[in-house]
Amino acid sequence: MTRGVARVSVGFGAEIVAAAPCSMTFVSASRVRLHSGKVAVDVAPWAKGFTVVTEDMDVVDLGTTFTVSANPGMTTEATVLKGMVRVNTPGAGGGRRRGVLLTEGQQVSSDPTRGGLDTIRPDDIVRILGGLDFGAKGAYRPVALNNTGVGLAEGDEDLHWRIIAGPEGAFEGPQYATVCVPHRQYMANDPASSQWVSIVDWQSAAPHSVYTFATEFDLQNYDLSTMQLFGRFLADNGVAEVRVNGKEVPVQSWVDNVGGQLFRDPQFRFVNVTDGLVRGRNVIEIDVRNGFMRGKTADISRNVPNPMALRVEWYAFGRQERIAGMPHYAPQRLMK
C-alpha cells in the first residue's frame, strides 16, 4: 500500500489498521507477515494467538491491542496498548528463539542501542488508542462447521455427516457417512483437516446416480447480514447441486469423470454461501454425482459399480448480534 489508511477485518477475529507506506502478506487465517510499515491490531478473545511476523520478531497475541512497525534492515518495534503479547526473537548468533511477555504500556525494539524493553506513558496509550479506528461492529467470529472425517479413523462413522438419499434400489436408506480408505487416485486422508466419506461399500456405489450428503450447523447468535461461508469440495465424480435450508446455492455443477481422473488438491472446487441462512439450525445438502467406470473399453451404458466419495473443508465467519453496534474506539486520527 503506497498511500492512505486501510482497515482489514480478518475472519479469525482480528481487526487490522495499516497506514501507508506498508507491505504485508496474509499467510493464514491467524498469521500475517509485515514486510515494512506500521500496523495496529485489535484481537478478539476467541482469536487469541493471532500472530504478526516480521524480519526480526514474531508478535503473538494473548488477548490484546498492539502495534508493530517494521523497517527492514534497521528496526522492528512492538508496543502493547492493552492486554499482553509474547514476542519471540532470534537468540544470540541466530540460535534458539527466545520469548518475552509484554504487558500494557511495554515496548520492545530490535535496536540493541535502545536496551530492548521500554515503557510508554499512560497518556500516550490513551492518545494512540484515540487515533485508531477498528470499526464499531466488533470482530468477526469463526462459525463451527464440521469438515468431513475430522479426528476420525478410517472406517469410523462421521456423526456430523449423513447420507440422506441415493438411487432407488441401490441405497439402503439414510445413514451416517463413513470415513473411507482413499482410492489410489484420491488425495490422501488427513484427520487433522478433512477426509473422504461415503457409504460403507463406497467402491461399489451405483453408477449414473446421485447421493445426497447433509450436515448441520448453528447460527443462533450471528448477524446473518455479515455471514460469509466458504466450502472447498472434492467429489468423485462431481457435484450436481448444493442447497442450504432447501434453497439452491448458485453453483456451477461439475463432473470429473475421465480416464485416469485424479481427485487431489488441484481438483478442489469452491462454493460461497451467503443467502438462505437462518438464525439457529441450518442444513446444507450436497448432491454428489457418481459416474461410471472408465477404461480403454469404457461403455457409458455399462452398469458397473463405481467408487463414490466426498471431501469438504469449511471456512465460515460472521459478526455476532450481541456485539453488533457496540462502540469500540472513536474514529479520530487513524495513525500517528
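Confidence first: this is a predicted model, and its pLDDT (the predictor's confidence in each residue, from 0 to 100) averages 87 over the protein, with 88% of the residues scoring at least 70. The weak spot is residues 323-336, where pLDDT stays under 50. Even so, the model gives that stretch 43 contacts beyond four places in sequence, a contact being heavy atoms within 4.5 Å.

Some ground rules before the details. Residues are numbered from 1 along each chain as its sequence is written, and side-chain values use heavy atoms, with hydrogens and water left out. Because the model is predicted, local features need pLDDT of at least 70 and side-chain atom pairs count only at pLDDT 80 or more, while totals for chains, interfaces and linings use all residues.

**Overall build**

- The protein has one helix and 23 strands; these are DSSP runs numbered from the N terminus, with helices being H or I of at least four residues and strands being E of at least two.
- Of the 336 residues in the protein, 47% are buried, where buried means under 20% relative accessible area, exposed means over 50%, and partly exposed is in between (1.4 Å probe, protein chains only).
- Among contacts with a separation of 6 or more, 63% are between residues 24 or more positions apart.
- About 16500 Å² of the protein is exposed, and carbon and sulfur atoms supply 51% of that; the areas come from the Shrake-Rupley method with a 1.4 Å probe, and for residues only the protein chains shown count as cover.

**The E1-E2 hairpin**

- Strand E1 (residues 5-10) runs antiparallel to strand E2 (residues 14-28), and six bridges join them; two strands pair if DSSP finds at least two bridges between them.
- Three residues sit between E1 and E2 in this hairpin, and glycine 13 in the turn has a positive phi of about 125°.
- Valine 10 has alanine 14 of E2 opposite.

**Salt bridges**

- Searching the whole structure turns up 15 salt bridges, each a side-chain nitrogen of Lys or Arg within 4 Å of a carboxyl oxygen of Asp or Glu.
- Arginine 7 pairs with aspartate 133 in a salt bridge, with 3.4 Å between the closest N and O atoms. Arginine 7 lies in strand E1 and aspartate 133 in the loop between helix H1 (122-130) and strand E12 (141-142), so this salt bridge ties together parts that are 126 residues apart in sequence. Arginine 7 is partly exposed at 44% relative accessible area, while aspartate 133 is buried at 17%.
- Arginine 162 and glutamate 216 meet through their side chains in a salt bridge at 3.6 Å, N to O. Arginine 162 belongs to strand E13 (residues 157-165) and glutamate 216 to strand E16 (residues 209-218), so the pair ties together parts 54 residues apart in sequence. Both ends are partly exposed: arginine 162 has a relative accessible area of 31%, and glutamate 216 has 34%.
- Glutamate 313 and arginine 232 form a salt bridge at 3.1 Å, N to O. That pair links distant parts of the chain, with glutamate 313 in strand E23 (residues 309-318) and arginine 232 in strand E17 (residues 228-236), 81 residues apart. Glutamate 313 is buried, with a relative accessible area of 14%.
- Arg121, Asp123, Asp124 and Arg127 are joined into one network by salt bridges that share partners.

**Helix H1 and its cover**

- The buried residues of H1 are Asp124, Ile125, Leu129 and Gly130.
- Their cover includes strand E6 (65-70) and strand E7 (76-82).
- Serine 69 is in strand E6. Leaving aside neighbours within four places in sequence, serine 69 is in contact with Leu34, Gly37, Lys38, Thr75, Thr76 and Glu77.
- From serine 69 to threonine 54 is 15 residues in sequence and 8.7 Å in space, C-alpha to C-alpha.

**Threonine 226**

- Threonine 226 sits in the loop between E16 and E17, and counts as buried at 11% relative accessibility.
- A polar atom of the threonine 226 side chain lies 2.8 Å from the backbone oxygen of aspartate 223. The backbone nitrogen of arginine 319 is 2.7 Å from a polar atom of that threonine 226 side chain.
- Not counting residues up to four places away in sequence, threonine 226 touches Tyr140, Phe317, Gly318 and Arg319.

Definitions and conventions: A polar contact is a pair of N or O atoms within 3.5 Å; within protein, one must be able to donate a hydrogen and the other to accept it, and residues adjacent in sequence count only if both atoms are side-chain atoms.
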